[in-house]
Structure formats: C-alpha cells, structure tokens
Amino acid sequence: MNKKIVKALFSYAVSKEKIRPLMQGVHFEEDVCVASDTYVLVVYKASNPALAGTTKLEDGTDIKGTYPAFKRVIPKKSGKPVNYNWSQVYRAIKWFKKQEGYNPNDKLVVNDCHIAMSTLLNALEVFNAAGDLGCMKVSTIDPSRPILLESEQLTAIVMPCKSEPEMVDLERQDCESVVVSYANLINTYAIESAKPKEAKVEMAWL
C-alpha cells in the first residue's frame, strides 16, 4: 500500500462530522480500503489483509460498527465519458476557491451534472496524491446520479447537486453561489493566472 494515498483518504475523503464517527475512518477489506463523507466515496484498490474488517482513525484507533455497503452505490458500468483535462480542472478549482466572493456551494458543470467544486476537489486531491490525475477517466449517467472517477489505483464517486441549466455562467449576485461551465472555468483561470502579480512594497504606508 502507498501510505501517501491512505493519508489523502484521511485528509480529503473521510467525514469531519463527529456525529458520524464511523465515517471519520478508513475502512479496510481484504483487497481494498474505502473512505467516504457521503458526498465523496473513494475506493483504493489495495489494502493490508491484516486489517480486513476494521475501520481505523488516522492514529490507528479502531472505530466500532458496521461500515455501510459501499459497493452498492458504485455504478456497475461507465456512462458518458467526460473529456476534460482533469489536471487543469484541479489547478483551476484550487485557484477559483481563492477568489473574492467564492461560495463553498459554487458548482462545476460535468456533462449534464452540476457538482459542488469543493466536493469534486476533495476527490481530485486523492487522485492527485496517487499521481493519477493525468490518466483518470470520468463518466456520468444522468444529472441525478453520481459521477464516476476511475484509474488503475482508485475508483470514486461524487454526488451531484440539483441541476439548474438556466443558471450556468451567470454573474455572481451578492454572495450567492454560481454554476460554472468547464470552458468558462478553464478560460478564466488561464487568463487571470497569467496576469503578472503586483509586487508588494514593504511598509508602503511610509
């Protein structure tokens, strides 16, 4: 097993809500381990057989309880492929989150699905830790079903939000969330990130 990937599961895929302690851990089976916060579910296709049947906190503490039957929610077949540059999407969302007015509920259009950028980024962070962003395959079934992300090492699903086609690429009003198309996100990121940054002058007030 790659500890870097397991570390990423704890950092980005487990729940941070103490009211659901079982979901705060990584669950181990004979051949896979899995983490989910109910919005993102990531399966790492490797495991430590000695830990099979256990759910662990990052410090190794066991969490008692029966882990949900996660295999039932993973689509059995791939749907419509999403031909995005996912390494670029990853960088663009990280940039987008730093912009003034960013709302945690801002969404990205993925085929016909609208996915919360913050949720999608959590899944992408795990694929990035595995070095799999460049070879990741993504597909969608319909706007109400989770999107499927796959690589040789990982399988993940990300739950969609309510689809609002009429809201795509509208300007932000006050602090409300926005729905951004792939083209708009990538083009804006490419233009804005290429602009020279203003040099900060020490003690400019003098």
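**Figure 1. Strand β6 and its side chains in the predicted model.** Strand β6 covers residues 107-110. The side chains of K107 and V109 point one way from the strand, and those of L108 and V110 point the other way. All four of these residues are buried, the cut-off for that class being under 20% relative accessible area.

**Figure 2. Pairing of β6 with β7.** Strand β7 comprises residues 113-116 and runs antiparallel to β6. Four bridges join these two strands. Within the pair, L108 of β6 stands opposite I115 of β7. Two residues lie between the strands of this hairpin, and N111 takes a positive phi near 55° there. Like β6, whose residues are buried on either side, strand β7 is covered on both faces. C113 and I115 are buried on one side of β7, while H114 and A116 are buried on the other.

**Figure 3. Pairing of β6 with β11.** Strand β11 consists of residues 179-180 and runs parallel to β6. The two strands are joined by two bridges. K107 of β6 has V179 as its bridge partner in β11, and L108 stands opposite V180. L108 therefore appears in two pairings, facing I115 in β7 and V180 in β11, with β7 and β11 standing at the edges of the sheet.

**Figure 4. The three-stranded sheet as a whole.** The strands form an open sheet in the order β7-β6-β11. Pairing in this sheet is mixed: β6 and β7 run antiparallel, whereas β6 and β11 run parallel. β7 and β11 are the edge strands, and each has a single partner strand, so one side of each is left without a neighbour in the sheet.

**Figure 5. Packing of helix α1 against helix α3.** Helix α1 spans residues 3-13 and helix α3 spans residues 117-129. Their axes come within 9 Å and cross at roughly 170°. Because angles over 145 degrees count as roughly antiparallel, α1 is roughly antiparallel to α3. The crossing of the two helices is right-handed. On the α1 side, the contact involves K4, I5, A8, L9 and Y12; these meet N122, E125, V126 and A129 of α3. Sorted by class, the contact has six nonpolar, one polar and two charged residues.

**Figure 6. Two loop residues with positive phi.** Most residues other than glycine have a negative phi. T38 is not a glycine, yet its phi is positive, at about 80°. T38 is found in the loop between β2 (33-36) and β3 (40-44). At 36% relative accessibility, T38 counts as partly exposed. D174 is likewise not a glycine and has a positive phi of about 55°. D174 is found in the loop between β10 (154-158) and β11. D174 counts as exposed because its relative accessibility is 74% and the cut-off for that class is over 50%.

Methods:
Residues numbered from 1 in each chain as written. Predicted model: local features only at pLDDT ≥ 70, side-chain atom pairs only at ≥ 80, totals over all residues. Heavy atoms only, no water. Buried < 20%, exposed > 50% of the residue type's maximum accessible area, 1.4 Å probe, protein only. Pairing = 2+ DSSP bridges. Axes fitted to C-alpha atoms, helices over the stretch in contact; angles between N-to-C directions. Parallel < 35°, antiparallel > 145°, perpendicular 65-115°, else oblique. Left-handed = near helix turned anticlockwise from the far one by under 90°. Contact = heavy atoms within 4.5 Å. Nonpolar A, V, L, I, M, F, W, Y, C, P; charged D, E, K, R; others polar.
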